[in-house]
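Trainee: I would like to learn how to read the surface and overall form of a model. Please show me.

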Amino acid sequence: MSREKSEESGELAELRAQVGREAQALQVAVDDVDWAAAIHLGINRTDLRCLETLFHGESTPGALAAELGLTSGSVTTMLDRLAKLDYVVRHPEPGDRRKVVIRITDKALTEVMRIYGPIAQEGAGEVARYSAAELRTVLDYLRRSRELQDRHRTRIADLPER
């Protein structure tokens with residue numbers, strides 16, 4: 001291998017290592033922001049994930065249980081806790097009054113936007129720096145990374161208990 005190819009190979013290996021380190025540091029940073037947000041809101045991390053899900057639209061207790069990996073009893077307890085804080089409301093489903101729909105409240109939306117709005121706004125500015133081709137590469141990396149994490153979450157969940 002020529003010296004030039006060897007140096008190029010070394011640089012590529014170092015860049016790949018840096019990407020790995022930065023991806024791990026990003027995971028920690030996002031986790032730290034979510035931890036601080038949960039503390040600010042006076043809730044736990046699962047409650048925060050519930051609010052995140054409801055931020056994107058109403059849901060049913062059953063759908064929340066599936067999304068969050070909780071039992072129906074755990075979801076009921078969580079929703080009671082969030083309702084007491086005025087972060088969620090329960091409404092009868094219009095088509096079937098026996099069913100309940102959960103919605104995030106304006107109070108919770110205001111708080112969530114106060115916490116995450118500046119991050120989204122600043123993040124949009126960062127994304128605007130990239131060309132369409134670069135964004136396709138970033139999107140491919142993020143999608144593949146998420147899929148990798150999903151596969152390994154399933155693998156880990158299927159490991160025999162100690």
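Trainee: How much area does the protein chain expose, and what share of it do carbon and sulfur atoms supply?

Mentor: Some ground rules come with this predicted model: local features need pLDDT of at least 70, side-chain atom pairs count only at pLDDT 80 or more, and totals for chains, interfaces and linings use all residues. Numbering starts from 1 along each chain as its sequence is written, and side-chain values use heavy atoms, with hydrogens and water left out. Accessible areas come from the Shrake-Rupley method with a 1.4 Å probe; for residues, only the protein chains shown count as cover. Here the protein chain exposes about 12200 Å², and carbon and sulfur atoms supply 55% of that.

Trainee: What share of the residues is buried?

Mentor: Buried means under 20% relative accessible area, exposed over 50%, partly exposed in between (1.4 Å probe, protein chains only). Of the 162 residues, 19% count as buried.

Trainee: Which elements make up the protein chain, and in what order?

Mentor: Helices (H or I, at least four residues) and strands (E, at least two) are DSSP runs, numbered from the N terminus. The protein chain has six helices and two strands. The order from the N terminus is α-α-α-α-β-β-α-α. The radius of gyration, taken over C-alpha atoms, is 21 Å, well over the 15 Å that the globule rule (2.2 Å times the number of residues to the power 0.38) gives for 162 residues, so the protein chain is more spread out than a compact globule. Its C-alpha trace spans about 75 × 45 × 30 Å along the principal axes.

Trainee: Where is Val19 found?

Mentor: Val19 lies in helix 1 (residues 3-41). Its relative accessible area is 43%, so Val19 is partly exposed.
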